Amino acid sequence: MPFELYVDALHTSPYALSVFVALTEKGLPFAVKTVDLYSGEQKLAAFADRALTARVPALVEGDFVLTESSAITEYLDESFPPPEYIALYPRDRRQRALARQLQAWVRSDLVPVRVERDTETVFFGKACAPLTETAQAAASKLVHVASHFVQGPQHLFGDWSIADTDLAIMLSRLVRNGDEVPAKLREYVDFQWQRPSVQQWLERQQPG
Ligand SMILES: N[C@@H](CCC(=O)N[C@@H](CS)C(=O)NCC(=O)O)C(=O)O
């Protein structure tokens with residue numbers, strides 16, 4: 001098994017999900033290893049001495065260890081390019097830049113949505129309160145940007161790209177919690193959710 005992928009034990013990390021989907025889409029053999037974030041296992045030397053940022057996901061390929069999910073997916077796409085392997089990013093240069101923009105944006109902005117609609121509310125139905133005013137403003141921004149990109153229930157850039165998975169998971173924080181989201185975006189989330197690589201991740205989840 002050439003790759004090891006370290007993910008959180010509960011399988012709720014959207015960043016670990018993104019890399020799991022990327023490896024699965026590429027058809028690369030990999031072993032999943034779990035890290036118990038709640039007990040602080042990520043800070044123990046066994047993990048942190050190799051994965052220097054002490055966060056999941058971490059990809060291990062022999063003595064090469066890489067963290068930061070979008071760095072990993074770019075590395076995989078460069079290492080296993082199309083046409084032999086499915087492309088994780090659009091072929092068109094500008095569309096590829098937009099896909100990377102979306103990836104970077106969902107990882108760096110919208111913190112109130114990420115906090116008030118954490119992924120345990122998405123995957124395990126954990127209860128949550130109505131969005132605060134601050135989170136509502138972030139949710140409106142998410143809906144505004146996503147509405148610009150999402151043209152129909154299918155993919156953003158013609159063929160599927162990893163940005164579809166990342167955007168759909170971000171939107172699912174609102175959709176799965178019944179927050180107000182236009183039908184077009186709900187349909188997009190439902191469509192992306194059905195992707196076999198995403199389903200394979202969901203099948204691994206067990207509420208803690
Ligand atoms: N920007 C990073 C975010 C990774 C991240 O936040 N990982 C969280 C789990 S979702 C983690 O490992 N938290 C444990 C910690 O920071 O101690 C990426 O895209 O990989």
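Okay, quick one to start: which side chain does Arg195 meet in a salt bridge? It's Glu25, with 2.7 Å from N to O. Keep that pair in mind, and keep in mind too that what we have on screen is a predicted model.

Let me lay out the chain. The domain assignment splits it into domain 1, residues 3-86, and domain 2, residues 93-195. Taken over C-alpha atoms, the centres of domain 1 and domain 2 sit 22 Å from each other.

So, the interface. People often give the size of an interface as the accessible area that is lost when the parts come together. Here, domain 1 and domain 2 bury about 1300 Å² between them, and carbon and sulfur atoms give 56% of that. On the domain 1 side, the residues losing the most area to domain 2 are Thr12, Tyr15 and Leu17; together they make up 32% of what that side buries. If you prefer to count contacts, 16 residues of domain 1 touch 15 residues of domain 2.

What about the polar side of things? The rule finds 2 salt bridges across the interface of domain 1 and domain 2. There are also 7 residue pairs in polar contact between domain 1 and domain 2, counting pairs with both residues at pLDDT 80 or more.

Which helices supply at least two residues each to the side of domain 1 that touches domain 2? Those are H1, residues 14-26, and H3, residues 69-79. H1 gives the most to that side, with 7 residues. Sorted by class, the side of domain 1 that touches domain 2 has 8 nonpolar, 6 polar and 2 charged residues.

Now let's step back to the salt bridges in general. The structure holds 9 of them. I'll go through a few.

Take Lys141 and Asp109: their side chains meet in a salt bridge at 2.5 Å, N to O. This one links distant parts of the chain, with Lys141 in helix H7 (residues 133-149) and Asp109 in the loop between H4 and helix H5 (111-116), 32 residues apart. Are these two buried or exposed? Somewhere in between: Lys141 is partly exposed at a relative accessible area of 40%, and Asp109 is partly exposed at 24%. For Asp109 the cut-off is worth saying aloud, since buried means under 20%.

Another pair is Asp190 with Arg176, where the closest N and O atoms are 3.2 Å apart. Asp190 belongs to helix H9 (residues 183-193), while Arg176 is in the loop between helix H8 (162-175) and H9, so this bridge ties together parts 14 residues apart in sequence. On accessibility, Asp190 counts as partly exposed at 36%, and Arg176 is partly exposed at 31%.

Then there's Lys126, which forms a salt bridge with Asp118; closest N and O, 2.7 Å. Lys126 counts as partly exposed, at 36% relative accessibility.

Asp118 brings me to my last residue, Arg94. How far is Arg94 from Asp118, going by C-alpha atoms? The separation is 31 Å, with their positions 24 residues apart along the chain. Arg94 is found in helix H4, residues 93-108. And why do we call Arg94 exposed? Because its relative accessible area is 65%, and exposed means over 50%.

That's my tour. Happy to rotate the model if anyone wants another look.

Technical notes: Residues are numbered from 1 along each chain as its sequence is written. This is a predicted model: local features need pLDDT of at least 70, side-chain atom pairs count only at pLDDT 80 or more; totals for chains, interfaces and linings use all residues. Side-chain values use heavy atoms; hydrogens and water are left out. Domain bounds come from an automatic or database domain assignment. Contact means heavy atoms within 4.5 Å. Buried area is the accessible area (1.4 Å probe) that two parts lose on being put together, summed over both. A salt bridge is a side-chain nitrogen of Lys or Arg within 4 Å of a carboxyl oxygen of Asp or Glu. A polar contact is a pair of N or O atoms within 3.5 Å; within protein, one must be able to donate a hydrogen and the other to accept it, and residues adjacent in sequence count only if both atoms are side-chain atoms. Helices (H or I, at least four residues) and strands (E, at least two) are DSSP runs, numbered from the N terminus. Ala, Val, Leu, Ile, Met, Phe, Trp, Tyr, Cys and Pro count as nonpolar, Asp, Glu, Lys and Arg as charged, and the others, Gly among them, as polar. Buried means under 20% relative accessible area, exposed over 50%, partly exposed in between (1.4 Å probe, protein chains only).
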